[in-house]
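Visitor: I am new to this structure and would like a close look at one part of it. Could you take me through the spaces enclosed inside, and then show me what else is worth a visit?

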Amino acid sequence: MPPADAIFPPGFVWGAATSAYQIEGAVTADGRGESIWDVFSHIPGNIIDGSNGDFACDAYHRFRQDIALMRELGLTGYRFSIAWPRVFPRGFGALNPAGLDHYRRLVDILLEAGIAPLVTLYHWDLPRPLQSLGGWANRDTAARFGEFAHAVAVALGGEVHDWVTVNEPWVAAFLGNLLGAHAPGLRDLRVALAAAHHLLLAHAEGMSALRAEMAFGDRAGIALNLAPVEPLGDSNADAEAAHRFDGCLNRWFLDALFRGRYPDDMLAWYGDAVPEIRADDLARISTPMDLLGVNYYTRNVVRWQPGAQPVDAEVVVRPGVPVSGMGWAVDPEGLFEVLTRLHTDYTAPPMLVAENGAAYPDRLVDGVVDDPERERYLHEHLLRVHRAIETGVPVGGYYVWSLLDNFEWAYGYSQRFGLLYTDFATQDRIVKRSGHWYAGVTRANGVRG
Ligand code: FCB
């Protein structure tokens, strides 16, 4: 790589991210229980290519080789998640020590490799028995999550210094319980709003469970999927739809976490679908965090669409705008806007870009995967992170989604996000062109400006 001239601060973390169900496979190994994703992915019609996570990338068995590849990429951080049903196969009650041992080994080998773990506690794999009790619509699930968080913190607390409680509560609540696209596959606004509130309560329970075990300097926070929202046209209806969509996606969570209240306009819009909110819920939810994970993929352009759940708004792509394999608009400037908004409107704590990346239809040809689009995508987004830092926004690290091609939820294996190409027939990993490029970035601690 030619010399970098957009240099990042010393100690900036160069990472990549994954999550348990998307990569581990080994769904019955060492006493693992079932999660809602095991159930959902096995129901015909739910996953675009009829696949599931039974084998995925077999990372449960191959993590040593994967960590060797992380070293080749020059990573200094790795974000992964702990499968709750490996630790508590029923979600609560009897702990499964073998499940925790797996993560102890993973963390040990990461540390030996000089790679700092960033551990996510909930990346959507709710234990099946808890769904039978109502899942996230049941307030008690947040307390069960607190117990799980505490058990993990006790086991890994000395070695793990950075924690994410919950990944993307918006996605878990709305795609899972309103739009039926993710597990548990429900379509009910009341359930989705209850889930959203209880996921934030779970975050609060997780924060206090972690705090009880954390050492000075350890950090914990949440990871949110955030995006700038703008109206498609200049009609009032589009403008109002965009404001509501911003309320649903961004403000609902940010106002609760940083201001201790839900936005009035959204409370009015949801009306009696809003769940019971107890007196000190929002005080607990807004307990200060040490870090904020920002997951960014695209800007959301919105038009008024009466009946579109939950806010009469439909996300569209402006004609002519380049899109990734997911059909998402490629919009690096949006990342700068999100980071800046968090800093100025919400005085967010130090931030990590905990996910950023793009799917493209990669092909392995003669042992090579040539993915210039992904390289460009990452490069452009990193330039915006750099600019944000230069203007005083505290961003301490960047994690590419994803380390390797994996089970992309409802899209199965049809969308490849990796820096490493996964050959799912052989489980070989091949460093893509973008991976070689990223290795140059991590070593230079910067990109070409
Ligand atoms: C995020 C998820 C992650 C992955 C990427 C593409 O919403 O957190 O697991 O699916 O999108």
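Guide: Happy to. Please keep in mind that this is a predicted model. Let us begin with a cavity to which helix 2 (36–41) and helix 8 (169–177) each give at least two lining residues. This is the second largest cavity, with a volume of about 60 Å³. Helix 8 makes the largest contribution to its lining, with three residues. If you would like to find the wall in the 3D view, look for I36, W37, Y122, W124, W136, V171, A172, N177, H182, A183 and P184. Sorted by class, nine of these lining residues are nonpolar and two are polar, while none is charged.

Now let us step back for a moment. A search of the whole structure turns up three cavities of 30 Å³ or more. The largest of them holds about 130 Å³ of space. Its lining counts 17 residues, and those closest to the centre are T18, I23, A59, Y78 and L106. Four elements give two or more residues each to this lining: helix 1 (20–23), helix 3 (59–72), strand 3 (77–81) and helix 5 (97–112). Helix 3 supplies the largest share, four residues. The mix of classes here is eleven nonpolar, four polar and two charged residues. So much for the charged class: the lining of the largest cavity includes two such residues, whereas the lining of the second largest has none.

From the cavities we can move on to a sheet. Three strands form an open sheet in the order 7-9-10, and their pairing is mixed. Strand 7 (229–231) and strand 10 (313–316) are the edge strands; each has a single partner strand, so one side of each has no neighbour in the sheet. On average, neighbouring strands in this sheet are turned by 40° against each other, if direction is ignored. In general, the strands of a sheet pair through backbone hydrogen bonds, in either a parallel or an antiparallel sense. Strand 7 and strand 9 (residues 300–304) are a parallel pair, joined over three bridges. To see one bridge up close, start at E230 and look across to V301 in strand 9, its bridge partner. Helix 10 (residues 236–259) packs on this sheet and touches strand 7, strand 9 and strand 10. The direction of helix 10 makes about 130° with that of strand 9.

Definitions and conventions:
Residues numbered from 1 in each chain as written. Predicted model: local features only at pLDDT ≥ 70, side-chain atom pairs only at ≥ 80, totals over all residues. Heavy atoms only, no water. 1 Å grid on protein atoms, 1.4 Å probe; cavity = no way out; pocket = protein on both sides within 12 Å on 5 of 7 lines; lining within 4 Å. Points joined across faces, edges and corners; volume = space filled by probe spheres on them. Nonpolar A, V, L, I, M, F, W, Y, C, P; charged D, E, K, R; others polar. Pairing = 2+ DSSP bridges. Axes fitted to C-alpha atoms, helices over the stretch in contact; angles between N-to-C directions. Contact = heavy atoms within 4.5 Å.
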